[in-house]
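Reader: I have the fold open on my screen and I keep stumbling over the labels people attach to it. Could we go through a few of them, with the reasoning behind each?

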Amino acid sequence: MKHEKRYRSTGKIGKRLTRFRIMPWLELLLALGFVAALGWAFWRFAIPFFENLGNHAYSCQKEPPSTPAPATPVPTPEPTHDPYPDHPLYSADLKSMQTEIVVPEYQYATDLTVVNGTVYAPVGNYTPDGTAAFVRLLQYDTKTKTQRLLPLPLNYKSIRFPAVSDKWIVYLDAAANGGGRIAAYNRLTNQTKTLKTVYTGLPKPVLYENTAFWIERTGQNRDKLFAVDLNTGEGATLVLFESSPYALSKPYAFGSTLLYVAPDGALTALDLETGKSETVPVDANYVHDPQMNADGVAFLDSDHARDGHILWYDGTKTVEVATGAVDFALGDGFIAYSRYEKNYVYFYGDGTTFCTTRSDETAMLLGAGDDVIVWMDVTWRSKDIMEYMTLGEKQ
């Protein structure tokens, strides 16, 4: 007789079957819990980290010293100078350092300069012909955060290129299509005088004590470097340019030195007290729009070309600051410039460069001076916002 095999489940086997049935659910719950934990960790730690990173200078880390560390430890190392010193911008909160300049009456600004911590910029609005007219000079104190609008007299359309001292404001009173007059406003007497009528172009004046200087086109192929006494109105021609491309380079005054590019292309420093001039021996094939301070000279090696360079001469050597920047501004200890809608500062003392524009913004440099840089925040194209920051302050 054939016997059928009969099986009966024991408690042990039943427990195994039960365990196998709930295992997929346990695994699903564990997976969901793991994903939830990852999401919480990202929200709690990663997002604040990246937000904080965006508010700080990026791509500006200190480069490690090129000299390798010694193979064996030195018990008592001698003190050495750190060629990569800390700077307030290394850990600065850029967002808290930025201050907006609001001028409710006017929307546009141009030709900005910084003198003794005060920002000066012609401001204005569009006119019916579709061009801007800069009819007031903004005076903004970065220390007190107060401002005034100076109504400099206009015979033509716009205030351009103000050169400012405690006593004088020299500016181009510009016509709509170029030309106009070079005017001098006495801040002590509130009187204005015309220094010279300009028939073409937009010459930019510079100022030394009671004398103004500028380069002006006076013929089809002729330009002149003028000097005019602001008290007497007497003028003189210092340099004559005949068919020279270097007449397009603007002069620059610092202390008692007038810096300009001679007709033969030589960078020239004229001592305004002694009348003596000398060639500045920069290592460059072309010099354009030089600026100087007590530490050296910065200049372009092109006529603001996109593939040109900013160069710095410290009295002994010429070094490249940046490529792809079409203009710059010189401050105390740094050179500021814009590149691909971001602002940078190059500290020539230690050769470090910082990006001062936050990662979620775009900006265009307007000017710099002392320890202040000023730019236009163009992140939102419907509105231009003028902002500044003081580089020496860590916040």
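Reader: What makes strand 15 and strand 16 a pair?

Author: This is a predicted model, so everything here is computed from it. Two strands pair if there are at least two bridges between them. Strand 15 and strand 16 (residues 257-261) have three bridges, in the antiparallel sense, so they count as a pair. You can look at the bridges one by one: F254 sits opposite T257 of strand 16, and A253 has L258 as its bridge partner.

Reader: How are strand 15 and strand 16 joined up?

Author: They make a hairpin, with two residues between them. In that turn, G255 shows a positive phi of about 60°.

Reader: And what makes strand 16 and strand 17 a pair?

Author: The threshold is at least two bridges. Strand 16 and strand 17 (residues 267-271) share five bridges, again antiparallel, so the label holds. Have a look at L258, which stands opposite L270 in strand 17. This is a hairpin too, with five residues between the strands, and G265 in its turn has a positive phi of about 95°.

Reader: What is the strand order in the sheet, and why are strand 15 and strand 18 called edges?

Author: The order is 15-16-17-18, an open sheet of four strands with antiparallel pairing. Strand 15 (252-254) and strand 18 (277-279) each have a single partner strand, so one side of each has no neighbour in the sheet. From one strand to the next, the twist averages 25°.

Reader: How do you know that strand 16 is covered on both faces?

Author: Buried means under 20% relative accessible area. Five of the five residues in strand 16 are buried. In a regular strand, side chains alternate between the two faces of the sheet. Here T257, L259 and V261 lie on one side, L258 and Y260 on the other, and all are buried, so both faces are covered.

Reader: Moving to a charged residue: why is E387 said to have no salt bridge?

Author: A salt bridge needs a side-chain nitrogen of Lys or Arg within 4 Å of a carboxyl oxygen of Asp or Glu. For E387, the nearest side chain of opposite charge is R358, at 5.8 Å, so the criterion isn't met. E387 is buried all the same. It belongs to strand 29 (residues 385-390).

Reader: What does E387 touch, then, leaving aside its neighbours within four places in sequence?

Author: E387 is in contact with Q98, T99, E100, I373, V374, W375 and D377.

Reader: What makes N190 and E209 stand out in phi, and are they buried or exposed?

Author: Neither is a glycine, yet phi is positive: about 60° for N190 and about 50° for E209. As for exposure, the label requires over 50% relative accessible area. N190 comes to 52% and E209 to 54%, so both qualify as exposed. N190 is in the loop between strand 9 (180-186) and strand 10 (191-198). E209 is in the loop between strand 11 (206-208) and strand 12 (211-217).

Reader: How many helices and strands does the chain have, and how much of it is buried?

Author: There are two helices and 29 strands. Of the 395 residues, 42% are buried. The chain exposes about 22600 Å², with carbon and sulfur atoms supplying 54% of that.

How values were computed
Residues are numbered from 1 along each chain as its sequence is written. This is a predicted model: local features need pLDDT of at least 70, side-chain atom pairs count only at pLDDT 80 or more; totals for chains, interfaces and linings use all residues. Side-chain values use heavy atoms; hydrogens and water are left out. Buried means under 20% relative accessible area, exposed over 50%, partly exposed in between (1.4 Å probe, protein chains only). Accessible areas come from the Shrake-Rupley method with a 1.4 Å probe; for residues, only the protein chains shown count as cover. Axes are lines fitted to C-alpha atoms, for helices over the stretch in contact, and angles run from 0 to 180 degrees between N-to-C directions. Lys and Arg count as positive and Asp and Glu as negative; His and the chain ends are not counted. Contact means heavy atoms within 4.5 Å.
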